[in-house]
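Colleague: I've got the model open and I'd like to know what stands behind the labels people put on it. Mind if I keep asking why?

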Amino acid sequence: GTFDENVSKKGLLRTHTTVNTIQYLHQKPTEPCRVFAVDRVFRKESIDRTHLPEFHQIEGIIMEEGANLPMLVNTLKTFYAKMGIDEVRVRPAYFPYTEPSLEIEVKWKGKWLELGGAGIFRPEVTEPLGCKWPVCAWGMGLERLAMLVLGLDDIRQLYISDLAWLSEQPVL
């Protein structure tokens, strides 16, 4: 298509929380950091047992000297282990802002379930911000994680108004 300035000025529901990360890195490009955030995002998704068009994204970055892919993978595996999920694997993937990129999957009911994406921000992303070191980044859906921790079969169960069921759920 062709560029239309009027269209570019329209509001858009964000599909990722990366805009928050980029703002943080822009404000503090030379300070090592480990940042973790949770916020709402919106996607054009067909609703099914593992997809919703609106969900909460868990996002994290690590920027420090020597930050690398093994550090990122170990951080993610540790995060899931603390949630009681020990079977975690990563596989190569493509995301436009990271290289290398990977998808995080966990074993759920005998099958692998994709929980999010991760990678090292590309220089085209970090150099204009003045970042001093590599930036490991990841994002995953909070609702899918809650689904696993609570043993639910359908992500939509998280949004039911059954007070009896809700009162029986553990406080996480």
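Modeller: Go ahead. Let's start with T50, which touches W108, L113, R144, M147 and I155, leaving aside residues up to four places away in sequence. Keep in mind that this is a predicted model.

Colleague: Where is T50, and why is T50 called buried?

Modeller: T50 sits in the loop between strand 1 (33–42) and strand 2 (54–63). Its relative accessible area is 12%, and buried means under 20%, so T50 counts as buried.

Colleague: What makes T50 and H51 a polar contact?

Modeller: Their side chains are joined at 3.1 Å, and the limit for a pair of N or O atoms is 3.5 Å. The two residues are neighbours in sequence, but the contact is between side chains, and for adjacent residues that is what the definition requires.

Colleague: On to the sheet. What is the strand order?

Modeller: The order is 1-2-6-5-4-3, in an open sheet of six strands with antiparallel pairing.

Colleague: Why are strand 1 and strand 3 called edge strands?

Modeller: Strand 1 and strand 3 (88–95) each pair on one side only. From one strand to the next, the twist averages 25 degrees.

Colleague: How do you know that strand 3 and strand 4 pair?

Modeller: Pairing takes at least two bridges. Strand 3 and strand 4 (residues 98–108) have seven, in the antiparallel sense, so they count as a pair. One example to look up: R89 has E105 in strand 4 as its bridge partner.

Colleague: Which helix packs on the sheet?

Modeller: Helix 3 (residues 69–82) does, touching strand 1, strand 2, strand 3, strand 4, strand 5 (111–121) and strand 6 (135–141). The direction of helix 3 makes about 30 degrees with that of strand 6.

Colleague: And strand 6, what does it pair with?

Modeller: Strand 2 is joined to strand 6 by seven bridges, and strand 5 is joined to strand 6 by five; both pairings run antiparallel. A137 is a handy residue to click on: I61 stands opposite A137, and G119 has A137 as its bridge partner.

Colleague: What makes strand 6 "mostly covered"?

Modeller: Seven of its seven residues are buried. V135, A137, G139 and G141 point one way, C136, W138 and M140 point the other way, and all are buried.

Colleague: How many aromatic pairs are there?

Modeller: The structure holds two aromatic pairs. F36 and F79 form one of them, with ring centres 6.1 Å apart and 45 degrees between the planes. F36 belongs to strand 1 and F79 to helix 3, 43 residues apart.

Colleague: Why is the pair of F36 and F79 called tilted?

Modeller: Under 30 degrees would be stacked and over 60 would be edge-to-face. An angle of 45 degrees is neither, so the pair is tilted.

Colleague: And why is F36 partly exposed while F79 is buried?

Modeller: F36 has a relative accessible area of 49%; exposed means over 50% and buried means under 20%, so F36 falls in between. F79 has 19%, which is under the 20% limit, so F79 counts as buried.

Colleague: What makes the pair of F79 and Y80 edge-to-face?

Modeller: Their planes are 80 degrees apart, with 5.2 Å centre to centre, and the label needs an angle over 60. Y80 is buried too, at 0% relative accessible area. F36, F79 and Y80 form one aromatic cluster.

Colleague: How do you know that C131 is in no disulfide?

Modeller: A search of the whole structure finds zero disulfides. For C131, the nearest cysteine sulfur is that of C33, 7.9 Å away, and a disulfide needs sulfurs within 2.5 Å. C136 is in no disulfide either, as its nearest cysteine sulfur, that of C33, is 10 Å away. C131 is buried at 15% relative accessible area, and C136 is buried at 0%.

Colleague: Last stop, helix 5. Which of its residues are buried, and what do they pack against?

Modeller: In helix 5 (residues 142–150), the buried residues are E143, R144, L145, A146, M147 and L148. They pack against strand 2, helix 3, strand 4, strand 5 and strand 6. Just after the helix, G151 takes a positive phi of about 70 degrees.

Methods. Residues numbered from 1 in each chain as written. Heavy atoms only, no water. Helix = DSSP H or I, 4+ residues; strand = E, 2+ residues; numbered from the N terminus. Buried < 20%, exposed > 50% of the residue type's maximum accessible area, 1.4 Å probe, protein only. Polar contact = N/O pair within 3.5 Å; in protein donor to acceptor, adjacent residues only side chain to side chain. Contact = heavy atoms within 4.5 Å. Axes fitted to C-alpha atoms, helices over the stretch in contact; angles between N-to-C directions. Phe/Tyr/Trp six-rings, centres within 6.5 Å; stacked < 30°, edge-to-face > 60°.
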